[in-house]
Amino acid sequence: MSEIGELGLLAELEGRGLIAGVEHDAAQIGAAPLGESLVATQDALVENVHFRLDWIDWRALGFRAAAVNLSDLAASGATPQALLVTLAVPGSTLTADVIAFYEGIAEAGVPVVGGDTTSSESVVVSVTALGHSARVPGRADARPGDLLVVTGPLGAAGAAFRAQRYAPPPVRLDEGRSLAATAHALMDLSDGIAVDVGHIARRSGVRCVIDLDAVPLADGAVLEDVGFGEDFELLAAVAEPQGFAVVGRVEAGDGVVTLRGREPYDLPGWEHFSR
């Protein structure tokens, strides 16, 4: 797995017909009320991979588990309806800590309607978020001439990690619905802007150019923090910026170009199974 990585695995499974419709942030399943589409997403958080309990408390972990899934719904222009939560913990875990975890989830404002609990040697959280959307832009229709915009400053997660803590993920549901009405492509930023915009470039068959000098930085962040990932702001390819920060453009061609001072600049991102 360290040789092919997450994207290589998905491409292999897709090529074999073992998975389908995985090219976007969430799965568009079928009709929901008012002619909208049912949208579903699932994400897992594993202790000592995605979080450390000496850097985050249980309540904040609960909010984080909900928010990272709601970010995928935001990238689908969706309104959340419900969460399904699976929690695996050691038997020595305090009941008060588990309650605090679910209180943190409740802060996200979406009801938990099911899930599972089980024992485990370490803490593993898996959340499925369900919602409905009038229009899911996906990643496959960005066009030459589009602008690339983000919904907020980047680098907060990387800066927090350097301070041995975690930044609370933003929840951009309103912004997601606004952008989804007209965006040609829309996604959330979880693996670093250079890696994430590559999904749009690949699926849309275009070249995405990121001007790193134009990327708004969170308080305390430096440029390298933008490559850390886990900012969970939204990135959209749009004809008009709609008041959001413009960080790049879409051109004919392929791949991703990141520029600093108008010169190519290598900005690594998160690669699953290799970092």
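D174 and R177 both lie in helix α5 (residues 173-180), three residues apart, about one turn of the helix. Their side chains meet in a salt bridge, with an N to O distance of 2.6 Å. The model is a predicted one, and it holds eleven salt bridges and two cavities of 30 Å³ or more. The points below cover selected salt bridges, the second largest cavity, a buried acidic residue, and two residues with positive phi.

**Salt bridges**

- Within the α5 pair, D174 is exposed, with a relative accessible area of 56%, whereas R177 is partly exposed at 32%.
- E107 and R59 form a salt bridge in which the closest N and O atoms are 2.4 Å apart. This pair links distant parts of the chain, 48 residues apart: E107 belongs to the loop between α3 (95-106) and β4 (112-119), and R59 to helix α2 (residues 58-74).
- Both partners of that bridge are partly exposed, E107 with a relative accessibility of 45% and R59 with 35%.
- A further salt bridge joins E251 to R249, the closest N and O atoms lying 2.8 Å apart. E251 is partly exposed, with a relative accessible area of 25%, and R249 is likewise partly exposed, at 38%.
- Salt bridges with shared partners connect R59, E103 and E107 into one network.

**The second largest cavity**

- The volume of the second largest cavity is about 30 Å³.
- Its lining is formed by R64, A157, A160, F161, R165, Y166, A167, F228 and E230.
- Helix α4 (residues 156-162) gives the most to this lining, with three residues.
- By class, six of the lining residues are nonpolar and three are charged, while none is polar.

**D231, a buried acidic residue**

- D231 is placed in the loop between β8 (207-211) and β9 (234-238).
- Although D231 is buried, it has no salt bridge. The nearest side chain of opposite charge is that of R64, 8.7 Å away; because a salt bridge requires a side-chain nitrogen within 4 Å of a carboxyl oxygen, R64 does not qualify as a partner at that distance.
- R64 is also one of the residues that line the second largest cavity.
- A polar atom of the D231 side chain lies 3.4 Å from the backbone nitrogen of A157. A157 is likewise among the residues lining the second largest cavity.

**Residues with positive phi**

- Most residues other than glycine have a negative phi.
- F232 has a positive phi, near 60 degrees, and is not a glycine. F232 is found in the loop between β8 and β9, the loop that also holds D231.
- R262, another non-glycine residue, has a positive phi of about 70 degrees. R262 is found in the loop between β11 (255-260) and β12 (263-264).
- The two residues fall into opposite accessibility classes: F232 is buried, with a relative accessible area of 6%, whereas R262 counts as exposed at 77%. F232 is classed as buried because its 6% is under the 20% cut-off, and R262 is classed as exposed because its 77% is over 50%.

Technical notes
Residues numbered from 1 in each chain as written. Predicted model: local features only at pLDDT ≥ 70, side-chain atom pairs only at ≥ 80, totals over all residues. Heavy atoms only, no water. 1 Å grid on protein atoms, 1.4 Å probe; cavity = no way out; pocket = protein on both sides within 12 Å on 5 of 7 lines; lining within 4 Å. Points joined across faces, edges and corners; volume = space filled by probe spheres on them. Helix = DSSP H or I, 4+ residues; strand = E, 2+ residues; numbered from the N terminus. Nonpolar A, V, L, I, M, F, W, Y, C, P; charged D, E, K, R; others polar. Buried < 20%, exposed > 50% of the residue type's maximum accessible area, 1.4 Å probe, protein only. Lys, Arg positive; Asp, Glu negative; His and termini not counted. Polar contact = N/O pair within 3.5 Å; in protein donor to acceptor, adjacent residues only side chain to side chain.
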